[in-house]
Amino acid sequence: MTLLMRDQENIEKGREEGLKEGLKKGLKEGLKEGLREGQQKGESLFAELTRQLLKDKRYNDLKKGTIDTEYRKKLYEEYHIL
């Protein structure tokens with residue numbers, strides 16, 4: 001094996017490791033960003049539901065909706081938020 005061949009192998013190994021590391025970092029950042037966007041969307045949906053329930057003076061429904069996710073989904077559908 002010549003020095004040139006060894007250097008080319010090492011370069012190729014470095015590229016592979018760099019690609020793997022880049023992919024890991026990219027996936028991790030993508031997941032974080034997706035979670036952030038999902039959280040923001042969820043917060044804005046809940047804020048809209050809260051506005052509607054307060055406007056209609058449905059305080060008990062709002063209270064129950066903060067605890068019971070299935071009930072909250074029904075409220076979203078009732079108010080055409082989802």
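**Helix packing, charge pairs and backbone in a predicted model**

User: Which residues in α3 do Asp61, Lys64, Gly65, Thr66 and Ile67 in α2 meet?

Analyst: This is a predicted model. Helix α2 covers residues 59-67, and helix α3 covers residues 69-78. From α2, Asp61, Lys64, Gly65, Thr66 and Ile67 take part, and in α3 they meet Thr69, Tyr71, Arg72 and Leu75.

User: At what angle do helix α2 and α3 pack, and how far apart are their axes?

Analyst: Two packed helices are described by the angle between their axes and the distance between the axes. For α2 and α3, the angle is about 125° and the axes are 6 Å apart.

User: Is α2 roughly parallel, roughly perpendicular or oblique to α3?

Analyst: Helices α2 and α3 pack at about 125°. That angle makes the relation of α2 to α3 oblique.

User: Is the crossing of α2 and α3 left-handed or right-handed?

Analyst: The pair in question packs with axes 6 Å apart. The crossing of α2 and α3 is left-handed.

User: Leaving aside neighbours within four places in sequence, which residues is Arg72 in contact with?

Analyst: Arg72 sits in helix α3. It is one of the α3 residues that α2 meets. With neighbours within four places in sequence left aside, the contacts of Arg72 are Phe46, Leu49, Gly65, Thr66 and Ile67.

User: Which side chain of opposite charge is nearest to Arg72, and how far away is it?

Analyst: Arg72 is buried and has no salt bridge. A salt bridge needs nitrogen and oxygen within 4 Å. The nearest side chain of opposite charge to Arg72 is Asp68, at 7.5 Å.

User: How many salt bridges does a search of the whole structure find?

Analyst: Side chains of opposite charge can pair when their charged atoms come close. Arg72 has no such bridge. Across the whole structure, the number of salt bridges found is 6.

User: Which residue does Glu12 form a salt bridge with?

Analyst: The closest N and O atoms of the pair are 3.7 Å apart. The two residues are 3 apart in helix α1, so about one helical turn separates them. Glu12 is partly exposed, at 37% relative accessible area. Its partner, exposed at 54%, is Arg15.

User: What is the N to O distance in the salt bridge of Arg36 and Glu33?

Analyst: Arg36 and Glu33 are 3 residues apart in helix α1, which puts about one helical turn between them. Arg36 is partly exposed, with a relative accessible area of 39%. Glu33 is partly exposed too, at 34%. The N to O distance in their salt bridge is 2.6 Å.

User: Which residue meets Arg58 in a salt bridge of 2.5 Å, N to O?

Analyst: The side chains of Arg58 and Glu78 meet at 2.5 Å. Arg58 lies in the loop between α1 and α2 and Glu78 in helix α3, so the pair ties together parts that are 20 residues apart in sequence. At 43% relative accessibility, the partner of Arg58 counts as partly exposed. The partner is Glu78.

User: Which residue is linked with Arg58 and Glu78 in a network of salt bridges?

Analyst: Arg58 and Glu78 form a salt bridge. The network also takes in a residue in α2 that is among those meeting α3. That residue is Asp61.

User: What is the phi of Lys57?

Analyst: Most residues other than glycine have a negative phi. Lys57 is not a glycine, yet its phi is positive. Lys57 is found in the loop between α1 (3-55) and α2, and at 62% relative accessibility it counts as exposed. The phi of Lys57 is about 55°.

User: Which residue in the segment after α3 has a positive phi near 55°?

Analyst: The residue is other than glycine, yet its phi is positive. It lies in the segment after α3. With a relative accessible area of 70%, it is exposed. The residue is His80.

User: How far apart are the C-alpha atoms of Ala47 and Tyr71?

Analyst: Ala47 is in helix α1 and counts as partly exposed at 31%. Tyr71 is one of the α3 residues that α2 meets. Ala47 and Tyr71 are 24 residues apart along the chain, and their C-alpha atoms are separated by 16 Å.

User: How far apart in space are Glu43 and Leu19, C-alpha to C-alpha?

Analyst: Glu43 is in helix α1 and is partly exposed at 49%. Glu43 and Leu19 are 24 residues apart in sequence. In space, C-alpha to C-alpha, the separation of Glu43 and Leu19 is 36 Å.

Key:
Residues are numbered from 1 along each chain as its sequence is written. This is a predicted model: local features need pLDDT of at least 70, side-chain atom pairs count only at pLDDT 80 or more; totals for chains, interfaces and linings use all residues. Side-chain values use heavy atoms; hydrogens and water are left out. Helices (H or I, at least four residues) and strands (E, at least two) are DSSP runs, numbered from the N terminus. Buried means under 20% relative accessible area, exposed over 50%, partly exposed in between (1.4 Å probe, protein chains only). Lys and Arg count as positive and Asp and Glu as negative; His and the chain ends are not counted. Contact means heavy atoms within 4.5 Å. Axes are lines fitted to C-alpha atoms, for helices over the stretch in contact, and angles run from 0 to 180 degrees between N-to-C directions. Angles under 35 degrees count as roughly parallel, over 145 as roughly antiparallel, 65 to 115 as roughly perpendicular and the rest as oblique. A crossing is left-handed if the near helix is turned anticlockwise from the far one by less than a right angle, and right-handed if clockwise.
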